[in-house]
Amino acid sequence: MFSQALRESVDLSLFWDYREVMLSGLAFNFHVFAASATAAIVLGLGAALLRVARALPFRVLGTLHVETFRNAPDYIMLVWVHFVLPLLLGAALGMRIEFHPFASAVIALGLVYSGYYAETFRAGIQAIPRGHLEAGRACGMSELQILWRIVMPQVVRRMLPEGLNQLVSLFKATTIVSLITVPDLMYRVSMVTATEMKPLPLYTGAALLYFAVVWAAASLVRLASERWRQRILA
Amino acid sequence: MGNWERLVWNQRELLLDGFLVTLHVCALAFAAAILGGLALCLVRMHVRPLRPLATLLVEFFRATPIFVQLMWVNYVWPELFGWPNSFFTAGWVALALQSSGYLAETFRAGIEAVPRGQREAGEAVGMGPALVMARIVLPQVALSSAPAIVNQFTVIVKSSTLVSVITVQDLMFQSQKLVNVWYEPIEILTATAAIYIAFVFAVSACGKRLSDALRRRFGIGSG
């Protein structure tokens, strides 16, 4: 029984038969990933700037953002954004609102990962010597110019390895969007399993495909980070 | 406030039952992840013929999304190995797999950071390799890995919400059940999210204090 099951699970021809369906599902993972990564980085930078602001209310707001989203499980955020947020917005605006599953997925993952990115940005910003900012002010640069020309180049340089690792984690997190019916790879697998009744090759195929993508990305990140560190430290 | 009382406070027993299941799943997964991570790391470092297998497993556990692993363990393992035979077991085993991969790497870094001279000193006073490992190396690894271990526990708690998908009756499952009964998601889901966020926050805050205290008490340079 064992050897037959093993042969069946290694025999991924059923998965291969559905390759077009599966690959177009994987494309959804990449779309969700790209959109929520953009949202996470922009929101994360915003929250980090709030956290290092001079006024106390801004700092409180920034800390609240980070502690909420960094500690929230992805799945509960996904469900909350999809089922609760439209009702709250609808009540506030006095109309009926519904989110497309794709939009909910991007908002939820974007929010959760903005909490992680905010901390990375903050660490980078706070590592910059005060003298740099004072030097910028002394030559008459505006706050925005200082941020853009003095702070950000150094922050990006310092946070790159960790930021890339978080991108890999974010891609892994996109697999749960199938639970609110975004038709990603996992969603396709569960649909095909429902008709073919053969979970073994289908889920094994999906696991191997995700593994290949994530492992390749993580290895590239590792390689790039090592080189990057050598260049920066040199 | 009537809604909050009716939908959340009056359902507290159900939600508490769910939370206890969440704790149970997380505790089993955490214990298994530490043992599994230690085993993978020791095999990878000291059992030469099995090294490629251990490396492959560590990489696979780390690079596969947790939801995919959960579905894989739940649907494929019973056919492949005839185990696990319940959703509950499949849930904590899948959570443990992912974290054991991460912990194996943490432990390896910790073991490699112990200076060679200390082991040689242990051997010089007549300790065997197992005793050197247990008395000299592992206590230091426990100290240096404490923050990463705490972090892994919070990862397990966050991922544990997914076991509701395979009908393990944890907090997430109970709260979604309530939503399906009452069709009023606002209060229930908001309360559930708040419980999870507060719990993860508390775990990481306490864990940080604990590992700082351990380091102050036993760390090198603590006097």
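Biologist: In this predicted model, what makes up the contact between chain A and chain B, and how many residues does each chain bring?

Modeller: Chain A brings 33 residues to the contact and chain B brings 28. On the side of chain A that touches chain B, at least two residues come from each of α1 (2–10), α4 (56–71), α5, α6 (85–93) and α11 (199–233), and α11(A) gives the most, with eleven residues. By class, that side of chain A has 25 nonpolar, five polar and three charged residues.

Biologist: Why is α5(A) called oblique to α7(A)?

Modeller: The axes of α5 (residues 74–83) and α7 (residues 101–126) of chain A come within 8 Å and cross at roughly 135 degrees. Angles over 145 count as roughly antiparallel and those from 65 to 115 as roughly perpendicular, so the pair falls into neither class and α5(A) is oblique to α7(A). The crossing of α5(A) past α7(A) is right-handed.

Biologist: Which residues of α5(A) and α7(A) make that contact?

Modeller: From α5(A) they are A:D74, A:M77, A:L78, A:V81 and A:H82, and from α7(A) they are A:P101, A:S104, A:A105, A:I107, A:A108, A:L109, A:L111 and A:V112. Ten of the contact residues are nonpolar, two are polar and one is charged.

Biologist: Why is A:E226 called exposed?

Modeller: A:E226, which lies in helix α11 of chain A, has 11 other C-beta atoms within 10 Å; a residue counts as exposed at 12 or fewer, and therefore A:E226 is exposed. Between A:E226 and A:P161 the C-alpha to C-alpha distance is 8.4 Å, although they are 65 residues apart in sequence.

Notes:
Residues numbered from 1 in each chain as written. Chains lettered and ligands numbered in written order. Predicted model: local features only at pLDDT ≥ 70, side-chain atom pairs only at ≥ 80, totals over all residues. Axes fitted to C-alpha atoms, helices over the stretch in contact; angles between N-to-C directions. Helix = DSSP H or I, 4+ residues; strand = E, 2+ residues; numbered from the N terminus. Parallel < 35°, antiparallel > 145°, perpendicular 65-115°, else oblique. Left-handed = near helix turned anticlockwise from the far one by under 90°. Contact = placed C-beta atoms within 7 Å. Nonpolar A, V, L, I, M, F, W, Y, C, P; charged D, E, K, R; others polar. Buried ≥ 20, exposed ≤ 12 C-beta atoms within 10 Å, placed from the backbone.
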